[in-house]
Amino acid sequence: MADKIATRAAYGDALVELGAKNDKVVVLDADLSHATMTMNFAKAYPDRFFNAGIAEANMVDMGAGLSTMGLIPFCSTFAMFGAGRAYEQVRNTIAYPKFNVKLCMSHAGVSVGEDGGSHQCVEDLALMRVIPGMTVIVPADANETRKAVFALADFQGPAYMRLCRLASPVFEDDQPFEIGKANVLREGTDVAVFACGLMVSESLEAAKLLEKDGISAAVINVHTIKPIDATCVTEWAQKCGKVVTVEEHSVIGGLGDAVADVLMGKVACGFHKIGINDQFGQSGKAPEVLAEYGLTAPQIAASIKASL
Amino acid sequence: MNMEELSKVCTQVRRDIINMTANAGSGHPGGSLSAVELMVGAFYTQMRVDPQNPHDPNRDRFILSKGHAAPCYYGVLAEKGFISRDEFKEFRQLHNILQGHPDAKKVPGVDASTGSLGQGVSIADGMALGAKHLGKDTKVFVLCGDGELQEGQIWEGLMAAAHYKLDNLTVMIDNNGLQIDGSNDQVMSLGDLAAKLRAFGLHVIELPDGNDIKAVVDALAAPTEAGKPKCILAHTVKGKGVSFMENQVGWHGKAPNEEQRQQALAELEGK
C-alpha cells in the first residue's frame, strides 16, 4: 500500500492536470482554496480561478452563470457550506435547469477531526441525492479521485463529488472508473459489504479480519451513490443473502438508503447499515473521532459479524 | 424603433400580463406591470438576441431575478418572436412551457431558471465574468425587485460584480416600493438604496420615473464608468397602467377576474 493521500489533495493535483488538457475548465472557491486544494489550480492557471469570497451561495450561482457561457466550472468549499448553506442555490439554479456545474466539496464526514461537529457534514449525500437528476460521487482514494475528476469533466450535467480532509490509504490501481458503475474489490459468499469513500479501505480491512473468523465478505466500492448501480447491488445481495452498507455519513439518506431503495421489495436478504446514527460529530483527532462513531476496520468487522 | 413604437410594445406587454394572469387565475400582475419599461428597454434597445437562434453563444444575456414577473418576461419574449402568444392560454397549466416562474429548460430566450429570489446578480456575475474570460463582448442584464434586495446574496453578488470589474453587467432595480406583506419600509427598510449601491462600487443611475420609456432607454444607453458595473435604480409604480392595481399591495400575487380583466384591457386600449 502506498503512502496515505487525502482525496482533497488528489483533487487539487487532478485539477491542475485537467486544466492543462481542457481550457474550458474554470475553478471557483469560497476562501478555502488552501484547504480544498484548489490553490494548486489557482497557482497554475490564475486567469481561470475565481474566488467568490466567503459567500458560498454566490459562488455556486456564479458557477451556474459561467456554465451557460460554455465553461466547465468546478466549485469547491467545505461540504457543510457547499451542500448545506448553498443547498437551495444548487437545487434551483444548477440542478433545476440542468446546468453543467461540478460541485466538489471537501471536508465531508467526521474525519475532518479537530474542527468539530459544526464543520463535519454527515448529511451531504442525503441532501444531494434527493435533488432530481443530481449525480453523486464519492471516490474511495486518491487514484479514484483523479479518475473521477476527469470523468466529471467529460460528463454533461450537474454533479456532486464528496472529498475528505484526512490522508487515507491508496489502494485503487487498475479499476475502471465509470460513473454509475460500482467496482467489486473483493469477492465473498456470506455477506455483501457496500461501502463508499474512506469506508472502502476500512471495509477491505474488516473483510480480512472476518476471514480469520471464517466469514467470507465481498466488498463493493459504490463510488457513485446516484445513479446507483442497481444491477451490481442486486446481484451481490442475491449472491450473499446478507447486505451491510458502510459510510462516513448519516445512516439516514446516504449510501445505506440508496442500497435499500434498490433492494426493498425485490430481494429478500438481511440488511444492516453502518454509519453515523442520527448524531452530530465532535472535535478530536480524526482517527479517534472515526473510532468514536464505530467507523474503524475492527469495529466494522464486529458490527458485520453481530448482524449475521 | 422610436419612443412611440416602444410605448406601443409596452402597452401590448401590459395587455399580455393581464390576459395571462386572468387566464391562469393566478400569477403576479403588480410587479410584472412595474417592470415593463425596464425589460422592453433592455430587449429592444440593447440586447443582441436572435429569436431564430435562441442559444446563439454570442447572444447577450438577460436574467429575471424577480422571477415572479414571468408574465412580463413572456410578453416581451412573445413580442420579440421567441415564443408564440398561443402559449399564454395555458400559462401556469400542466405541461405548458410557461411555468409560474421562468424555466430555462423550457422557454427559448430564458437564460436562467429563477423565481427563488436573491440569486440573479450572482448568476449574471458568472455570465459577465465568463464573457470577459472568453474575450466576448457579451452584455449581461439582470432585473431585480426591491423587496428582493433584502436577500443577503444580492449584496454578495454586487460585491463580486465590483470586485471583478464587470462593466459588461447592468443591474436594473424595479423599485416599486411594495412587497407581499406591505411596503418595503413596513416590512424591512432598504434605507438609502442609491448610497448603498454606490458604496458597493456600482455606477448608479437613478430614475425618478422608471416607467418612462425614454428615461429608461437613455439610462441603458448611458456609458458606465470603466471597470464599474452599471446599476439603474428605477422608481416605478406597482401595477402601472391599470388604475385599480396601481400602488396596491394586494395585486402582488392576485389575478384579475373577468370583469377586472375587461376593465384593465379597456384602460390599456389606445395607449
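Rings of Phe, Tyr and Trp are taken as a pair if their centres lie within 6.5 Å. With that in mind, a good place to enter this predicted model is chain B, where ring pairs link F43(B), F62(B) and Y73(B) into a cluster. Over all chains, the structure holds nine aromatic pairs.

One of these pairs is found in chain A, where F78(A) and F81(A) are stacked, with 6.0 Å from centre to centre and 20 degrees between the planes. The pair counts as stacked because planes under 30 degrees apart are classed that way. F78(A) has a relative accessible area of 6% and is therefore buried. F81(A), at 18% relative accessibility, also counts as buried, because the cut-off for that class is under 20%.

Back in the cluster of chain B, the rings of F43(B) and F62(B) have their centres 5.1 Å apart, and their planes meet at 55 degrees, so this pair is tilted. What does the pair link? It joins distant parts of the chain, since F43(B) belongs to helix α3 (residues 36–45) of chain B and F62(B) to strand β1 (residues 61–64) of chain B, 19 residues apart. F43(B) and F62(B) are both buried.

The next topic is how the two chains meet. Chain B and chain A bury about 2100 Å² between them, and 59% of that area is on carbon and sulfur atoms. To this contact chain B brings 27 residues and chain A brings 24 residues. How many salt bridges are there between chain B and chain A? The count is zero, whereas 13 residue pairs, both at pLDDT 80 or more, are in polar contact between chain B and chain A. On the side of chain B that touches chain A, α5 (120–133) and α6 (152–163) of chain B each supply at least two residues. The largest share of that side, nine residues, comes from α5(B). By character, the residues of the side of chain B that touches chain A comprise nine nonpolar, 11 polar and seven charged.

A last stop for the reader is A306(A), a residue of helix α13 (residues 297–307) of chain A. Is A306(A) buried or exposed? With a relative accessibility of 67%, A306(A) counts as exposed, because that class begins over 50%. In sequence, A306(A) and H272(A) are 34 residues apart, while in space the separation is 9.9 Å, C-alpha to C-alpha.

Notes
Residues numbered from 1 in each chain as written. Chains lettered and ligands numbered in written order. Predicted model: local features only at pLDDT ≥ 70, side-chain atom pairs only at ≥ 80, totals over all residues. Heavy atoms only, no water. Contact = heavy atoms within 4.5 Å. Buried area = accessible area lost by both parts, 1.4 Å probe. Salt bridge = Lys/Arg side-chain N within 4 Å of Asp/Glu carboxyl O. Polar contact = N/O pair within 3.5 Å; in protein donor to acceptor, adjacent residues only side chain to side chain. Helix = DSSP H or I, 4+ residues; strand = E, 2+ residues; numbered from the N terminus. Nonpolar A, V, L, I, M, F, W, Y, C, P; charged D, E, K, R; others polar. Phe/Tyr/Trp six-rings, centres within 6.5 Å; stacked < 30°, edge-to-face > 60°. Buried < 20%, exposed > 50% of the residue type's maximum accessible area, 1.4 Å probe, protein only.
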